[in-house]
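Student: I've got this one open in my viewer and I'd like a close look at a single part of it. Could you take me through the sheet and its surroundings, with the cut-offs spelled out?

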Amino acid sequence: MCMYSCKEGMANDFHLTHYGSRALGGVGLIIVEATGVEPRGRITNECMGIWNDLQAEKLSKITDFVHQNSNSKMGIQLAHSGRKGATQNGVQLPLDAGWETIAPSPLAYKTGERIPHELTENEIKELVQDFKRAAKRAIDAGFDLIEIHAAHGYLIHQFLSPKSNTRTDKYGGNFENRIRFLLEIIEEVNKVLDNDHPLFVRISATEYAENGWDISDSIQLSHILKDKNVDLIDVSSGGNISGAKISLFDGYQVPFSEQIRTETGIKTGAVGLIKTAEQAKNILQTQKADLIFLGRELLRNPFFVLQAAVDNAELDYIPTSYRRAYL
């Protein structure tokens, strides 16, 4: 969940407190918010970055705290906003207050927004290396895993979808060409990972649009990613089509996770209006996902996991510093 609390892309004491409290609250895996691999990769001026060593150093203070004070693992979501960048409160900033956005094709996300710069093949190659360099900095900063953000209409998703990618070169057109950018990123990022550092990929299973990216595409992609040393698919949806109609209900994205898991055999994570421990437990026990990702629920309650442990009389799970509150 983006915190919009950085200056020049750098984490600060707010982030140490924010992520540290979730670690003390018992969260097993904390994935740091979408983190830009280059300055144009941010959504807003206040978003996090890891395109330089100072940013990585600031993040290492968070990973050190979490590892020293909890059993939590730390992941980071490497991202690029593409045409959805340079915004404030959902509105695109003027060029002098933001930056020129980039995309696979010169198509704006919303009517009235600036036309993004269409990337050249050489620029695409450099962006692939940006992801690799960011992954290396993240591992050196103490992160336990990397997640590549290929969902929600951001740059990688923009390449995947025929709605936002109208290129005619090797990065556009058919399915194999549209997934090429993501596969090249995965190949390069894997070069800086070992067996102790898993690789997750977040996708939008569908973008809720006729002739757009859909669940059948996601299943086809997941088959391929399973053979590319991707350990888990973080299954979300939507984000690439402005104004798309989405029916929201508790666990509304879980069926996508279940379908991808069942049809491909790759591990999946479920996300989307998962609000209770009982709901999460049921998803796992019925084999609809291998991990549960919580976003807004952990914003509301950083001690969600500890409370669930108490409710289930699992007091050994409570950190020593807090245990006397539950005896």
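Tutor: Here is a walk through the sheet, one strand residue and the nonpolar core.

A bit of bookkeeping: this is a predicted model, so local features need pLDDT of at least 70, side-chain atom pairs count only at pLDDT 80 or more, and totals for chains, interfaces and linings use all residues. Residues are numbered from 1 along each chain as its sequence is written, and side-chain values use heavy atoms, with hydrogens and water left out.

The open sheet has 8 strands in the order E2-E1-E3-E8-E9-E10-E11-E12, with parallel pairing. Strands here are DSSP runs of E with at least two residues, helices are runs of H or I with at least four, and both are numbered from the N terminus; two strands pair if DSSP finds at least two bridges between them. Strand E2 (48–49) and strand E12 (291–292) sit at the edges with a single partner strand each, so one side of each has no neighbour in the sheet.

Helix H1 (residues 13–24) packs on the sheet, touching E1 (29–36) and E2, and its direction makes about 155° with that of E1. Contact means heavy atoms within 4.5 Å; axes are lines fitted to C-alpha atoms, for helices over the stretch in contact, with angles from 0 to 180 degrees between N-to-C directions.

Now zoom in on E1. Of its 8 residues, 7 are buried, so E1 is largely enclosed by the rest of the structure. Buried means under 20% relative accessible area, exposed over 50%, and partly exposed in between (1.4 Å probe, protein chains only). E1 joins E2 through 2 bridges, running parallel, and Gly36 stands opposite Gly49 in E2. E1 also pairs with E3 in the parallel sense, over 7 bridges, where Ala34 has Gln77 as its bridge partner.

Gln77, in strand E3, is buried at 8% relative accessible area. Its side chain makes a polar contact with the side chain of Glu147 at 2.7 Å (a pair of N or O atoms within 3.5 Å; within protein, one must be able to donate a hydrogen and the other to accept it, and residues adjacent in sequence count only if both atoms are side-chain atoms). Leaving aside neighbours within four places in sequence, Gln77 also touches residues including Ile31, His149 and Arg202.

E3 (residues 73–79) pairs with E8 (residues 145–150) in the parallel sense over 4 bridges, Ile76 having Ile146 as its bridge partner. Ile146 turns up again in the largest nonpolar core, among the residues with the most contacts inside it.

Notes:
A nonpolar core is a set of buried Ala, Val, Leu, Ile, Met, Phe, Trp, Tyr and Cys residues joined through side-chain atoms within 4.5 Å.
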